[in-house]
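Reader: I would like a close look at a single part of the model shown here, the interface between the chains, set within a careful account of its surroundings. Please give the cut-offs behind each term as you go.

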2 protein chains.
Amino acid sequence: MSGLERLLAAEPVVVTAGVEVLAGALESQSVEVHRTNWSPPAHGTAGALAKLASAPAVREANQIAMARLLAARPHLVDVVPAGRVVPGLTERTFLHAGPPLTWAEASGPMRGALIGAMLYEGLAATPEEAISNLAAGDIDLAPCHHHQSAGPMAGVISPSMPVLVVEDADSGGVAYSTLNEGLGKVLRYGAYAPEVIERLRWMDRVLGPVFGDAVRRSGPVDLRSLIAQALQMGDDGHNRNRAGTSLLLRTIGAALVESDVASVSDRAAVYSFVDSNDHFMLNLVMAAGKLTVDAASGVEHSSLVTVMARNGTEFGIRLSGTGDRWFTAPAPIVDGLFLGSFTAADASPDIGDSAITETIGLGGFAMAASPAIVGFVGGTATGAVQRTLAMYEITMAEHPSYQIPILEFRGTPTGIDAILVTRTGVRPQINTGVAGKEPGVGMVGAGLVEAPMACFVQAVNTLAGGVAVA
Amino acid sequence: MSGLERLLAAEPVVVTAGVEVLAGALESQSVEVHRTNWSPPAHGTAGALAKLASAPAVREANQIAMARLLAARPHLVDVVPAGRVVPGLTERTFLHAGPPLTWAEASGPMRGALIGAMLYEGLAATPEEAISNLAAGDIDLAPCHHHQSAGPMAGVISPSMPVLVVEDADSGGVAYSTLNEGLGKVLRYGAYAPEVIERLRWMDRVLGPVFGDAVRRSGPVDLRSLIAQALQMGDDGHNRNRAGTSLLLRTIGAALVESDVASVSDRAAVYSFVDSNDHFMLNLVMAAGKLTVDAASGVEHSSLVTVMARNGTEFGIRLSGTGDRWFTAPAPIVDGLFLGSFTAADASPDIGDSAITETIGLGGFAMAASPAIVGFVGGTATGAVQRTLAMYEITMAEHPSYQIPILEFRGTPTGIDAILVTRTGVRPQINTGVAGKEPGVGMVGAGLVEAPMACFVQAVNTLAGGVAVA
């Protein structure tokens, strides 16, 4: 019997891909059908994908970029005023989340945070004066991502703010992020009321120096290890950081007891401030993330996504292989749970550099480790597991340190491949806080969002343009 | 058509229970078979079960007992030397884990811990002298459970040891447990080397007073709330208490910064001691458990299991409806992961009052909340979920506070019903540390064990003897 004869001699078992009507027709004739999860590539990428698929240079570049991403070892070493350490941060520069934008383009929460930073820095006495100065271009605005930094939500970093200093002793990499202010009415959500400014001043006067002293006494804090442990304790590293915050306090707590840089009451207040805010760890994860993706950046031909970031107006990505170029699309609206009487109508479009957590295999990619997060961002525990499973379709590796106990310690899906995103139509999952769309409102909710496909389409077409045909 | 005719007119769908050969025979004739999970009642319980099943008094008693168990609100309020607060603990009394036993009956680790307590209390200068005095009956031995207390592993409580004081302001209940020493060579695992005794002395001189002061400054610590939060962070409350220990440190940390009862270095040492031991919270859970089961005890006719405890020689249980009586069987051997070069041959039979965690819906009953525990006790994450699911078969309620995120926040299976255990043949699952069988060795591993059915058979027969036929 020939191979074809043998095949036809038995009952057929059919694997189907794509259009459901074909699978259904077979099934109605009692044929055993196995459906594969398949959808057509994103519109406008067929040529680019064909070219990239046959290019050995892309595969080799991705291996190099992923190896660098997975080799990063970020350690928290210090807390210092931003103006003293962040490269290029002059007295008249404010950093912000996401791709570049102007005051005219800025969303409500971004404007609110910039106004608050003007008041905090003493560059304006009133919100009106701040608006006038910002509109006149008195302040240079630049993305955090252009200055080795990452900021949650509006992500505004001004020179007086204390920043976390995260270093990798092996690679020499350095990255920065602000200290987390807590939830509710806070600058990063666009609030700038007097209590918001007062808290920021307490942060640079007390929190920064005292926390920084405790970090120096405790020695470098291995963030990769701390994040890995937190994932075993139900964190996702983005919107659930309760375990990470707890483990951080455990790490520096004895130093806070022993420190002599401040009064007992100031040290107790610092302990209580961190204790009162389960998101405190987020900014450490983000600085660790920035160091990690910077290590993987600039590998020619690599389709690895090194940046996903939103400024409240646009969503932007960068690839390792396309240099400093941003690929942007309008920032999407978040599907979320809203606080109190707020509704989706109060929500600003997606904002913040915190999607850097997803970029390194955390957040929406690690939700299977964090079923309790659904109380904050919505959905079911089963859905959280499904979201993680879907992300294995578009990533290059399973993270060797970030393991998910309920998936029998499988590593989180890590290293988004723009080629896989466009080829499968599966968009990166992000969980996120939601800011009010009016300046001054603050946080209105939290939820889930998917990165816009248009960014990835532009990115793979640009990448393909630089690749020689094999 | 009659009901019977209608039934026979269609293709049969058969539900089978018990013997597999019948289900298999039907299936081989292409009959649709749904197997139920059924096994015959435990041998020797048929009469008792028939009597108890038809007794409304049992059902009513169980409702009362369960309501009391679920209403308990244990709070940690203080830390005080045992001799000052534990009722009936004279200078010549040592408490121990499990049902009553004599020196002659005591296992290796129990003997080791009793020897260590003699040295620690200054009642003997050498191990040999301690053994001679203990064998001569110089010390009264009594179960912790007879003195409002619970102790892990050997569970020895002697008068100088500081104990956690746990109260329920509503019910007036009080319970006690020692402070956890850490892992490895520690008294509760039967070690009594000089460093073990030295650590115990530091605990009564420094840890007890400083930790107690921090507890009093922080106000009563709501243990039910703390345990509930820890379950959302991957604890099971028995052998994984990393989150609970972290949250406890967060709760008392600011007070440790502010305290003035001891030197800065002693306070920092207390912080570091708790931080270095992820099992520190276990003893708090156990004291909370003792308060909880005591509240549910003494309800005539109730088949609720209020005690499961092991002394290294025997496994004993008590029911709410059978007063102070113990129902015992030989302590089983634990199926576990062994440390270093230790093997099962080095293991003592099951020991400790810590199965009180399982008695209140934690530990082996809550393993679905704690997939990462399998790294400590063995097995797979999927197996951990299955163990929890099996326990719903033998429990009366789903705990309203202790919820399991991955099961969509279903409450843990809580309140073991001895009737259900004997009727289903499903034995309570316990996860546990394993002590070396020779005195002085200490911990050799951790693993899983099931409560012996013989205890439950005696218990239901005794309970049935006190119930009038309906």
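Author: For the 470 residues of chain A, a compact globule would be expected to have a radius of gyration near 23 Å, and the value for chain A is 23 Å, which agrees; the radius is taken over C-alpha atoms, and the rule is 2.2 Å times the number of residues to the power 0.38. This is a predicted model, in which local features need pLDDT of at least 70 and side-chain atom pairs count only at pLDDT 80 or more, while totals for chains, interfaces and linings use all residues. Residues are numbered from 1 along each chain as its sequence is written, and chains are lettered from A and ligands numbered from 1 in the order in which they are written.

Along its principal axes, chain A has C-alpha atoms that fill a box of roughly 90 × 50 × 45 Å. Chain A has 17 helices and 17 strands, which are DSSP runs numbered from the N terminus (H or I over at least four residues for helices, E over at least two for strands). Of its 470 residues, 57% count as buried, a term for 20 or more other C-beta atoms within 10 Å of a residue's own, with 12 or fewer making it exposed, anything in between partly exposed, and C-beta atoms placed from the backbone. When contacts in chain A between residues at least 6 apart in sequence are considered, 74% join residues at least 24 apart; two residues are in contact if their C-beta atoms, placed from the backbone, lie within 7 Å.

Turning to the interface itself, 28 residues of chain B and 28 residues of chain A take part in the contact. On the side of chain B, the elements that give two or more residues are α10 (242-258), α11 (264-275) and α15 (381-391), and α10(B) gives the most, with 11 residues. That side of chain B divides into 15 nonpolar, 7 polar and 6 charged residues, where Ala, Val, Leu, Ile, Met, Phe, Trp, Tyr, Cys and Pro count as nonpolar, Asp, Glu, Lys and Arg as charged, and the others, Gly among them, as polar.

The relation between the copies can be stated as well. Chain B can be laid on chain A with an RMSD of 0.2 Å by a turn of 180° and a shift of 0.1 Å along the axis, and the two copies are thus related as by a two-fold rotation axis. The superposition is by least squares on the C-alpha atoms of residues with pLDDT of at least 70 in both. Because 100% of the interface residues of chain B are also interface residues in chain A, the copies meet through the same surface.

Within chain A, the axes of helix α10 (residues 242-258) and helix α11 (residues 264-275) come within 10 Å and cross at roughly 170°. This makes α10(A) roughly antiparallel to α11(A), a label for angles over 145 degrees, with under 35 counted as roughly parallel, 65 to 115 as roughly perpendicular and the rest as oblique. The axes are lines fitted to C-alpha atoms, for helices over the stretch in contact, and the angles run from 0 to 180 degrees between N-to-C directions. On α10(A) the contact is made by Thr245(A), Leu249(A), Gly253(A) and Leu256(A), and on α11(A) by Arg267(A), Val270(A), Tyr271(A), Val274(A) and Asp275(A). These residues of the contact of α10(A) with α11(A) divide into 5 nonpolar, 2 polar and 2 charged.
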